[in-house]
Amino acid sequence: PKFPKMAVLVLAKAEPARVARYLEPGVPRRVRFEAALQLAKRSKDEALLEPASVVLMNDFDGVERSLRLAAIRALCKVSPGVQVDGLAEFAARSMELRGSAEGLAAVDLAAARGMTATLAEAVRRVVNRRAAPADDDQFETALAAARRLPGVGDGASRALALLNILDERLF
């Protein structure tokens with residue numbers, strides 16, 4: 001497992017454009033994912049960042065948790081100018097994952113990309129439940145999302161935003 005990471009890391013530092021050929025579907029998933037991860041972290045070339053981002057999202061469910069977390073964090077660093085289809089849906093789905101680290105990283109991704117609707121939906125999902133959230137991670141993610149909503153910096157405005165969401169639900 002370490003060899004693909006090290007090989008791709010060395011190549012990504014020297015020649016990022018050559019790493020792009022490892023994003024192809026015929027490349028073993030782990031190597032493809034590591035290549036995409038390194039490009040997302042290191043490349044400034046928008047032509048490489050879009051396909052790397054797509055690989056990270058498409059192969060996300062097939063890799064271990066530590067790589068999933070690294071992928072979300074790497075996607076946070078991709079320039080907002082890079083248009084990636086499905087990124088908002090990916091962030092929303094990632095916020096629902098068990099394990100607060102992945103959910104919180106997905107909140108950071110949504111905030112970094114200005115996905116206000118995705119952040120608000122994360123809060124609504126928890127508020128709209130009649131019972132308590134299934135676990136503390138869901139509540140923690142929703143609270144982090146509420147804090148990252150635009151114009152919700154201090155405690156009073158954050159409370160107002162949550163009350164507005166509750167108001168939508170109750171009335």
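Start with helix 5: its buried residues pack against helix 3 (29-42), helix 4, helix 6 (87-95) and helix 7 (100-112). Buried here means under 20% relative accessible area, exposed means over 50%, and partly exposed lies in between (1.4 Å probe, protein chains only). Helices (H or I, at least four residues) and strands (E, at least two) are DSSP runs, numbered from the N terminus.

Before going on, note that this is a predicted model, in which local features need pLDDT of at least 70, side-chain atom pairs count only at pLDDT 80 or more, and totals for chains, interfaces and linings use all residues. Residues are numbered from 1 along each chain as its sequence is written, and side-chain values use heavy atoms, with hydrogens and water left out.

**The whole chain**

Zoom out. The protein has 10 helices and zero strands. From the N terminus, the elements read α-α-α-α-α-α-α-α-α-α. Of its 171 residues, 43% count as buried. Now consider contacts, meaning heavy atoms within 4.5 Å. Among those with a separation of 6 or more, residues 24 or more positions apart account for 62%. The exposed area is about 9200 Å², and carbon and sulfur atoms supply 56% of it. Areas come from the Shrake-Rupley method with a 1.4 Å probe; for residues, only the protein chains shown count as cover.

**Helix 5**

Select residues 65-77. The buried residues here are Leu67, Arg68, Leu69, Ala70, Ala71, Ile72, Ala74 and Leu75. Check the length: the expected span is 1.5 Å times one less than the number of residues. For the 13 residues of helix 5 that gives 18 Å, and the end C-alpha atoms are 19 Å apart, which agrees.

**The phenylalanine pair**

Stay on Arg68. Its charged end sits over the ring of phenylalanine 60, 5.9 Å from the ring centre. The rule asks for NZ of Lys or CZ of Arg within 6 Å of the ring centre and within 35 degrees of the ring normal.

Next, add phenylalanine 90. Rings of Phe, Tyr and Trp (its six-membered ring) pair if their centres lie within 6.5 Å; planes under 30 degrees apart count as stacked, over 60 as edge-to-face and the rest as tilted. By this rule there is one aromatic pair. The rings of phenylalanine 60 and phenylalanine 90 have centres 4.9 Å apart and planes at 85°, so the pair is edge-to-face. Phenylalanine 60 is in the loop between helix 4 and helix 5, while phenylalanine 90 is in helix 6, 30 residues apart. Phenylalanine 60 is buried at 1% relative accessibility; phenylalanine 90 is buried at 3%.

**Helix 4: serine 53 and leucine 49**

Select serine 53, in helix 4 (residues 46-58). Is serine 53 buried or exposed? It is buried, with a relative accessible area of 0%. A polar atom of its side chain lies 2.8 Å from the backbone oxygen of leucine 49. Beyond neighbours within four places in sequence, serine 53 contacts Leu75, Val78 and Val84.

Move to leucine 49, also found in helix 4. Leucine 49 counts as buried at 3% relative accessibility. Not counting residues up to four places away in sequence, leucine 49 touches Leu39, Ala40, Ser43, Lys44, Val78 and Val82. Show the C-alpha atoms of leucine 49 and valine 82: they are separated by 7.1 Å, with these positions 33 residues apart along the chain.

**Last stop: helix 8**

Select residues 116-127. Thr118, Leu119, Ala120, Ala122, Val123, Arg125 and Val126 are buried. The 12 residues should span 16 Å; the end C-alpha atoms are 17 Å apart, which agrees.

Definitions and conventions: Polar contact = N/O pair within 3.5 Å; in protein donor to acceptor, adjacent residues only side chain to side chain.
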